[in-house]
There are 2 protein chains.
Amino acid sequence: MTHFISRITTLFTDYMRETSSREDAKVVNYIAPKDLLAAFDMRITDEPESLGKIVEYCETTLQHGVRTSHPRFYNQLFARIDPVAMVGEWLTTMVNTSMYTYEVAPVFILMEAYMLERMREFIGWDVNVPGDGLFSPGGSISNMYAMQAARHYHFPQTKEHGLLAIGKIPVVFTSSHSHYSIKKGAALMGLGMRHVIAVDVDRRGKMIPADLDAKIQLAKDDGLAPFFVNATAGTTVVGAFDPFEEIAAVCKKHGVWMHVDAAWGGSALVSSKQRELLRGVELADSVTWNPHKMMGIPLQCSAILIRTSGLLSGCNATNAQYLFQKDKINTEYDTGDKAIQCGRKVDVFKLWLAWKAKGDKGYERQIDYAFANSRRLAELIRARPGFELVYEPECTNVCFWYVPPSLRHLDHTERREALHRVAPVIKAGMQYRGSMMIGYQPLDDFPNFFRMVFSNPAVTEEDIQFILDEIENLGHAL
Amino acid sequence: MTHFISRITTLFTDYMRETSSREDAKVVNYIAPKDLLAAFDMRITDEPESLGKIVEYCETTLQHGVRTSHPRFYNQLFARIDPVAMVGEWLTTMVNTSMYTYEVAPVFILMEAYMLERMREFIGWDVNVPGDGLFSPGGSISNMYAMQAARHYHFPQTKEHGLLAIGKIPVVFTSSHSHYSIKKGAALMGLGMRHVIAVDVDRRGKMIPADLDAKIQLAKDDGLAPFFVNATAGTTVVGAFDPFEEIAAVCKKHGVWMHVDAAWGGSALVSSKQRELLRGVELADSVTWNPHKMMGIPLQCSAILIRTSGLLSGCNATNAQYLFQKDKINTEYDTGDKAIQCGRKVDVFKLWLAWKAKGDKGYERQIDYAFANSRRLAELIRARPGFELVYEPECTNVCFWYVPPSLRHLDHTERREALHRVAPVIKAGMQYRGSMMIGYQPLDDFPNFFRMVFSNPAVTEEDIQFILDEIENLGHAL
Ligand SMILES: Cc1ncc(COP(=O)(O)O)c(C=O)c1O
Ligand SMILES: Cc1ncc(COP(=O)(O)O)c(C=O)c1O
């Protein structure tokens, strides 16, 4: 076993070193599914395999995987993980406990309470008012907690009696650019996806408060029961920040819960320069914030934060006697009854440890650097023929087209159609080469465009140049 | 950084060595919340902290935590983690990717498909019929997926139009001893907790099929819409296995979805001796199985398995264009649209790696050993004055009372009340001493009793003796 651990340590150290380097490792060694199945014998049989073989399987797994910590991985809203956070998560795995009771997780239960309070402070809520919150298995589930808390606030009878007891149809509002988890939540919670009403966005991808106001009024006139507005801090594709102050005013006027999905953009709160983007977030009733995105914490790390206390246990408590015995010591610290989960992995420690190591100032610098990089890329795009910004960046997303020379003189409609086919080809080219990874998608009437995301602190000026060079290289002959 | 990693490695190695030993470490160094807060400065400030300090924080965290891998931790349905699985999870953390697309998780996507197929095979489903499934953040959420799939099967209009479009009240049936996640699911999904109808159990804690039949019929007569029955393989407290064949017949008769919550008892499927306990499980439409319990996989590792294909994406697909572009390569492997999550942590690798290392036979031995230990403890309890079994064990749970001498001659009612106060005192005593951890709870009319759980493969005959000695030692003077 000691020999095994030492071989694994070497393997991991090598992997981390290579992954940090542009020369020693590709972002991905692309392999098609059927070739991967042929190259990697996954079958488990009756007989045990030696620890030596286990090390080899780990090697093969690393070899065929995508290196998300590589300086040229920009494909998702997460990228390079923080090494201290990684060690924190390793510790968490080793101690393997669950977040429901103080009894089995004394340190982590107190730490979660502390971190949630701290995050509430960054939001700007009054820390003297007890709030509520949990770490959940991701932003989607955090958003669902918010919807659930809001539903419980407005229609507490739902918990016992179900939605049918409301007597009206509850409806939800969210911008057309918001994350799909609101729709998934509406499906799961029995509200129905058509009762998620899409609010229009402006040319920068921000929710239009007047449209929200009008649509809430319309819903009321139709006898529906508006109860929840989801605003977004950092939309998934564009990185837009909705105008929270105006939205809050509309919510207040109509008596509707205001949630801010800051899964992506919440991390801007730790920067005194960027937090202005979230002006008005403190007016929200609840906020989702994912440290597993811009803060470099390994998946999963997401917090649902609620301004006032009591709603999570209000909607989720079942008082299971086998777990939450009131005759046991310290049960007032238990969190299990607030959650939709029973066993709940410890997601707070890695974040706490990384934040301790950086301090607020260190995190601020890291976030500011990601923002600066995005502005730099936008500048380069503006200056370079063939590249066009789709949106002016607000968060660290940079959305742009590359227009190959052959398309530059086409008329509008022809160009649109041809351009739609460009990004997929370039993307596949990147994957085959393994040189970098960037996502693309269409949006509204815009044909496929690249969404470059900066959250990787290893990115340099040279990398930023490389992004455009490589895209041009792969696409100029199309 | 290298120095840091090497100090961490030493710290972790020491922790694992101590934790394996009955002499070198207590299960817990009990500390009250306010003392812990005083002993452990959690505050994060502006300034970074050195890596040396980070190592110290890790030490403090380990010191005050509960050692769930200690041979005398029996408090939850999980215990000692498998060291190969731990390494697998460390690798997962290091590569940090998400399970939505083949693009970013090629190995893990194929591995998940393989493992789900394998688990379906253990259930006894026809492997030539394509099935469905996912790893989810725990058994509670797996059970909710099952409820959601069943609802979609019976009332597909819910997804778009909401529960109100059904026109009837959908109801769910589960035994009175089943896990509370069914109720939580009903609350979240808008069904309402009162529409979870409790089916009676017999003296061994098993659902009574005749009562199920009668209650479904009654619900139908009342104009309600029964659509889901949850049967349990290994109930949380008692460890009972519901009679699946009879339940399947009732479900078939009434046209209702049958789910088996085998979160706890599912692992018995890998043993040719124990799998008889799950006879008829192959008649289920869906099964929850948590390798993070009896199989020693670190939290979280839970699978929802569905006999037929298509329902998960049926109820969850939103076709988000930014993530699941049909013009991208290999998208037919993507799983994201099936999930209620967006980012989804890789939970399959640790299970796969541990299973490879043990082989089916190794896992079978481990499971059989846990069962054998439970029978041994029951035998000792039967033979020892002052100890009484509450239930004959079926799974590896052993439920028993310790009756201190002073209570042995009380009349029934007096004894009941006094006995109820015994377990909490003994439990607190264990925690203060740190000698072992076992849970207790009341159930139905039974006053507080201990629930000993065997899933820890490090338990020896000596430990089993110690359990009774220690309880007697802590409780005989009460
Ligand atoms: C704005 C926004 N909200 C929520 C989510 C969901 O977060 P998670 O992937 O953790 O479920 C995302 C994910 O990209 C997002 O961009
Ligand atoms: C029978 C049963 N089902 C479901 C669960 C929930 O599993 P999890 O804790 O992974 O949510 C448990 C947990 O103890 C259980 O005992």
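Let me begin with a single pair of residues, in a model that is predicted: in chain A, A:Leu389 stands opposite A:Phe400, which belongs to strand S10(A). That pair sits where strand S9 of chain A, residues 387–389, runs alongside S10(A), and the two strands pair in the antiparallel sense over 3 bridges. For those of you who are new to this, strands of a sheet pair through backbone hydrogen bonds, either parallel or antiparallel.

S10(A) also has a partner in strand S12 of chain A, residues 446–453, to which it is joined by 4 bridges, and these two strands run antiparallel as well. If you would like one residue pair to look for in S12(A), take A:Val453, which is the bridge partner of A:Asn397.

Now, how many residues of strand S10 of chain A are buried? The strand covers residues 397–402, and 6 of the 6 are buried, so S10 of chain A is largely enclosed by the rest of the structure. The side chains are worth following in turn, since A:Asn397, A:Cys399 and A:Trp401 point one way from S10(A), while A:Val398, A:Phe400 and A:Tyr402 point the other way, and all of them are buried.

Let me move to chain B, where we can look at a whole sheet. Here 5 strands form an open sheet of mixed pairing, in the order S1-S11-S12-S10-S9. Its edge strands are S1, residues 73–74, and S9, residues 387–389, each of which pairs on one side only. Inside that order, strand S11 of chain B, residues 437–443, pairs with strand S12 of chain B, residues 446–453, in the antiparallel sense over 4 bridges, and B:Tyr440 stands opposite B:Phe450 in S12(B).

Helix H13 of chain B, residues 412–433, packs on this sheet, touching S9, S10, S11 and S12 of chain B, and its direction makes about 35° with that of S12(B). Helix H12 of chain B, residues 348–383, lies across S9, S10 and S12 of chain B, and runs at about 20° to S10(B).

Finally, a place where the two chains meet. Helix H3 of chain A, residues 51–64, packs with helix H4 of chain B, residues 83–95, at an angle of about 15°, with their axes 11 Å apart. Angles under 35 degrees count as roughly parallel, and therefore H3(A) is roughly parallel to H4(B). Among the residues making the contact are A:Leu51, A:Ile54 and A:Thr61 of H3(A), and B:Leu91 and B:Met94 of H4(B). Taken together, the residues of this contact divide into 8 nonpolar, 1 polar and no charged.

Terms used
Residues numbered from 1 in each chain as written. Chains lettered and ligands numbered in written order. Predicted model: local features only at pLDDT ≥ 70, side-chain atom pairs only at ≥ 80, totals over all residues. Heavy atoms only, no water. Pairing = 2+ DSSP bridges. Contact = heavy atoms within 4.5 Å. Axes fitted to C-alpha atoms, helices over the stretch in contact; angles between N-to-C directions. Buried < 20%, exposed > 50% of the residue type's maximum accessible area, 1.4 Å probe, protein only. Parallel < 35°, antiparallel > 145°, perpendicular 65-115°, else oblique. Nonpolar A, V, L, I, M, F, W, Y, C, P; charged D, E, K, R; others polar.
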